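Grab a pencil and work through these exercises with the model open beside you. Each task comes with a step-by-step solution.

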2 protein chains.
Amino acid sequence: MRIGELSRRTGVPVPTVKYYVREGLLPPGLLTSPNQAAYDETHERRLRLIRALLDVGGLKVAAIREVLAAVDDPGRPVHDVLGQATNSIIKRHGDETDDEAAAAREEVAALIARRAWRVDPGNPAVGALVAALAALGRLGHGGFARVLDDYADAAQAVARADLAYVAGRAAMDDLVESVVIGTVMGDAVFMALRRLAQVDESARTYGGGKAPR
Amino acid sequence: MRIGELSRRTGVPVPTVKYYVREGLLPPGLLTSPNQAAYDETHERRLRLIRALLDVGGLKVAAIREVLAAVDDPGRPVHDVLGQATNSIIKRHGDETDDEAAAAREEVAALIARRAWRVDPGNPAVGALVAALAALGRLGHGGFARVLDDYADAAQAVARADLAYVAGRAAMDDLVESVVIGTVMGDAVFMALRRLAQVDESARTYGGGKAPR
């Protein structure tokens, strides 16, 4: 199909499609004349993935490029690829050295030990968790650590559902793509559900039965 | 304190502090001479909040401005403020009209009815959830709806922990700020925990006991 048809099918404007090609997110079409390229279903699918990561997942173009590189990298051990794909998505955090960061680091190490989680201490998610707890500490919310295990219980339940979902897809060739989609979209789904559950819980606690906006 | 001391205490560079003042995120200091302003602990605290929302929460400057406006708006009913504060954070989504969006809209309505959640259908989180599920559908992951209740169970558990945490803070004057902090930081905490739990679950399932990176 021509770029105009690709644009029509996906709702992505033609100049934006060209921008993604220039940025290396979308493979170029097959040149059929000096000024015309042909695109196929793989382009359409990749374009939908880019838009989902961008619009729903809130990822930046650079992060999407990294994620897609992991998706396109074949022949690596499954759990290694799973790790890499999720690592590409998570924000990187510097090594802060204040008291709150030190306390957060200890809390996270204790949590991992307590739950016997088989994770590398160098996993970027460890740094992200430390950064979040340290920021909470600096804002006078060190007490948030008290609900950390409630969060971890919920995270484990979601992770089990995630793995079961991915395993149910079976086809190994789209495994990494499934993991990326599931991880990024899953975050968006969970955040939205958490908001709705908070509103419901708050209505029950404070609202006297009236449904709030 | 002078702007240099404020910068030293918070680790935020002086030009960045000035930028936040210009953007209306941080109230200006009290002018002590035509070229010098005095800042106090409220500025320090506000600056830490801005950095946490930016660095850990990943919010954009415009979203932070909205959230802080909610924080600074006194005298509204608690559950209304709770709703407003979380609404300011969530991404807004347009009304898509394709089959996937229609299917997602039905799924979300059924979920809310099934769980008897007291939420307004116009709540932005409903739109965000619909957008995420529609994007999944367009990527061939309509089957994700099968794990939606696992996600909702976990979200409810987290929301209960959130509300209990906020209720435990007691002081009404920082309630909204607590909700904002808890909501944004809680997302970051949960996402990091979900990654770690996924790695652990994946190591147990696929890794034969070796801890992956």
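**Exercise 1. Write down the order of helices and strands along chain A.**

Step 1: Reading along the sequence, you should get α-α-β-β-α-α-α-α-α-α-α for chain A. Step 2: Tally the elements and you have 9 helices and 2 strands. Helices here are DSSP runs of H or I with at least four residues, strands are runs of E with at least two, and both are numbered from the N terminus. Step 3: Chain A has 213 residues, and 51% of them count as buried (buried is under 20% relative accessible area, exposed is over 50%, partly exposed is in between, using a 1.4 Å probe and protein chains only). Step 4: Take the contacts in chain A with a separation of 6 or more; 60% of them come from residues 24 or more positions apart. Contact means heavy atoms within 4.5 Å.

A word on the ground rules: this is a predicted model, where local features need pLDDT of at least 70, side-chain atom pairs count only at pLDDT 80 or more, and totals for chains, interfaces and linings use all residues. Residues are numbered from 1 along each chain as its sequence is written, chains are lettered from A and ligands numbered from 1 in the order written, and side-chain values use heavy atoms, leaving out hydrogens and water.

**Exercise 2. Work out which rotation and shift superpose chain A on chain B.**

Step 1: The answer is a rotation of 180° with 0.0 Å of shift along its axis, at an RMSD of 0.0 Å. The fit is by least squares on the C-alpha atoms of residues with pLDDT of at least 70 in both copies. Step 2: That is how a two-fold axis relates two copies. Step 3: Within chain A, the C-alpha nearest the axis belongs to A:Ala154, 2.3 Å from it. Step 4: The copies meet through the same surface, because 100% of the interface residues of chain A are also interface residues in chain B.

**Exercise 3. Describe how helices α4 and α9 of chain A pack.**

Step 1: For α4 (residues 61-71) and α9 (residues 175-206) of chain A, the angle is about 150° and the axes are 8 Å apart. Axes are lines fitted to C-alpha atoms, for helices over the stretch in contact, and angles run from 0 to 180 degrees between N-to-C directions. Step 2: α4(A) and α9(A) are therefore roughly antiparallel (over 145 degrees; under 35 is roughly parallel, 65 to 115 roughly perpendicular, the rest oblique). Step 3: A:Val67, A:Ala70 and A:Val71 of α4(A) meet A:Val176, A:Glu177 and A:Val180 of α9(A).

**Exercise 4. Find the side chain of opposite charge nearest to B:Glu201.**

Step 1: Locate B:Glu201 in helix α9 (residues 175-206) of chain B. Step 2: Leaving aside neighbours within four places in sequence, B:Glu201 is in contact with A:Ala159, A:Arg160 and A:Leu163. Step 3: The nearest opposite charge is A:Arg160, 4.4 Å away, and B:Glu201 is buried yet has no salt bridge. A salt bridge needs a side-chain nitrogen of Lys or Arg within 4 Å of a carboxyl oxygen of Asp or Glu. Lys and Arg count as positive and Asp and Glu as negative, while His and the chain ends are not counted.

**Exercise 5. Is A:Ala116 buried or partly exposed?**

Step 1: A:Ala116 lies in the loop between α6 (99-115) and α7 (124-138) of chain A. Step 2: With a relative accessible area of 47%, A:Ala116 is partly exposed. Step 3: Check phi too: near 55°, a positive value in a residue other than glycine.
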